[in-house]
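Colleague: Please choose a single part of this model and examine it closely. I should also like to see that part set against the chain as a whole.

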Amino acid sequence: MSRPTGRVLTLLELLQSGGIRTVAELADRLGVDGRTVRRYVDQLIDLDVPVEAVRGRYGGYRLAPGYRLPPLMLSDDEALAVLLGLVAGRRAGLMTTADTASETAAAKIRRVLPDRLARKLDTVLDSLAFTAPPGRVATPDAEVLLTIADAVRHRRPVSIRYTDRDGRRSERPLHAYGIVAHSGRWYVTGTDPEVGEDRTFRLDRIAAARTLPGSFEAPAVLDPAQRVLSGFATAEYRYEVSLRIHGTVDQIRARLPAGVASLEEPVPAAGADPSTERWLRVELRVEELDWLPPLLASLDRPFVIERPDELRDLVIALADRLASFARQA
């Protein structure tokens, strides 16, 4: 690569880091004079790279958004971070329905890497092992994801075509507050304006989304992730479980997080230590009960089962089995 060409690519890399770069700064970084910097800028413009001049005391050059994506310059660390991010995202299931998009993107970057860096990357990938299997969950449509993300950002209502877990299809309006990634799935949380209720929808079950006229006001105190977790804890399932557990909030949450159970915390007395153990009511809705007895055993805190009776029987049966195993020589 000739030195002028190398400096032009370095100029592009400097501009891609964002902001306005003065001629004096660019000249110093490239080791040339201001006139040469302007000549290099002209060469980038000839290549259809959208460089614009900013006039004024603090003026200079910056990249302007154009109809063509300018060449992307990545350092060694940046290229490695992008490729590892694509691998991790694919394994976690946080991709769109274009399953090959991450693979083709990784292949394009991999193809243009210098041999030295490509060998380093192969070394990392060959030696990398995961403790969890790859995500095997349904992924959302990219157009749906982008439409809803735009609606969240600009507080615009959308209409979605949705299929629930029972296969029922519907079209409904939504005031979307946020998009949440949880356990390998994408969710959108918001309010259904027709019934005035908070709702959470899986993005992979939304077949289409379109922006509606108008706008809406989001709640002043808004935590989309917490709304999604609370929705999981109060969803309709086969069993409604109510427990009283003696312990601290942290002790209970270590085994029963917010996405699994709701926790009723009594108002502490003035000056009370929040780490003090006390009786707390825990409620959760579950489809099956068999996983709860070993979880309560691992919690190792005094507890009272208020309902259902079936859970009490399962806990007693587990205790009997453990006692029988412990007596064996």
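Modeller: The answer begins with the whole chain, then treats the chosen part, and ends with some other sites.

This is a predicted model, in which local features need pLDDT of at least 70 and side-chain atom pairs count only at pLDDT 80 or more, while totals for chains, interfaces and linings use all residues. Residues are numbered from 1 along each chain as its sequence is written, and side-chain values use heavy atoms, with hydrogens and water left out.

The chain contains 11 helices and 11 strands; these are DSSP runs numbered from the N terminus, with helices being H or I of at least four residues and strands E of at least two. Of its 329 residues, 33% count as buried (under 20% relative accessible area, with exposed meaning over 50% and partly exposed the range in between, for a 1.4 Å probe and protein chains only). About 20300 Å² is exposed by the chain, and carbon and sulfur atoms supply 52% of that area (Shrake-Rupley method, 1.4 Å probe; for residues, only the protein chains shown count as cover). Taking contacts between residues at least 6 apart in sequence, 62% join residues at least 24 apart; a contact here means heavy atoms within 4.5 Å.

The part chosen for the close look is the surroundings of E306. The structure holds 13 salt bridges, each defined as a side-chain nitrogen of Lys or Arg within 4 Å of a carboxyl oxygen of Asp or Glu. One of them joins R244 to E306, with the closest N and O atoms 3.0 Å apart. This pair links distant parts of the chain, since R244 belongs to strand β8 (residues 239-247) and E306 to strand β11 (residues 303-307), 62 residues apart. E306 also takes part in a salt bridge with R281, where the closest N and O atoms are 2.7 Å apart. R281 lies in strand β10 (residues 278-286) and E306 in strand β11, so this pair ties together parts that are 25 residues apart in sequence. The three residues count as partly exposed: R244 has 29% relative accessibility, R281 has 27%, and E306 has 30%.

Strand β8 also includes L243, which counts as buried because its relative accessibility is 0%. Leaving aside neighbours within four places in sequence, L243 is in contact with L280, R281, V282, L284, L296, V304, I305 and L311. R281, already met as a salt-bridge partner of E306, is thus also a contact of L243. The C-alpha atoms of L243 and R307 are 7.2 Å apart in space, although the two residues are 64 apart in sequence.

Two of the contacts of L243, namely L296 and L311, lead on to a pair of helices. Helix α10 (residues 292-299) packs against helix α11 (residues 309-327) at an angle of about 65 degrees, with the axes 9 Å apart; axes are lines fitted to C-alpha atoms over the stretch in contact, and angles run from 0 to 180 degrees between N-to-C directions. The crossing of α10 past α11 is right-handed (the near helix is turned clockwise from the far one by less than a right angle; anticlockwise would be left-handed). On the α10 side the contact is made by L292, P293, P294 and L296, and on the α11 side by L311, L314, V315 and L318.

Elsewhere, D164, D166 and R168 are linked in a network of salt bridges. Within this network, the closest N and O atoms of R168 and D166 are 3.4 Å apart, and both of these residues are exposed.

T189, in strand β5 (residues 185-192), is buried because its relative accessibility is 1%. Not counting residues up to four places away in sequence, T189 touches H175, A176, Y177, G178, R199, T200, P224, R227 and V228.

V49 is placed in the loop between α3 (34-46) and β1 (51-54). With a relative accessible area of 4%, V49 is also buried.

On the surface, V124, L125, L128 and F130 form a nonpolar patch with about 290 Å² of accessible area together. Patches are made of residues with over 30% relative accessible area and no salt bridge, joined within 9 Å for like charges and within 5 Å for nonpolar side chains (Val, Leu, Ile, Met, Phe, Trp, Tyr). F130 lies in the loop between α6 (115-127) and α7 (142-154) and, at 39% relative accessibility, counts as partly exposed.
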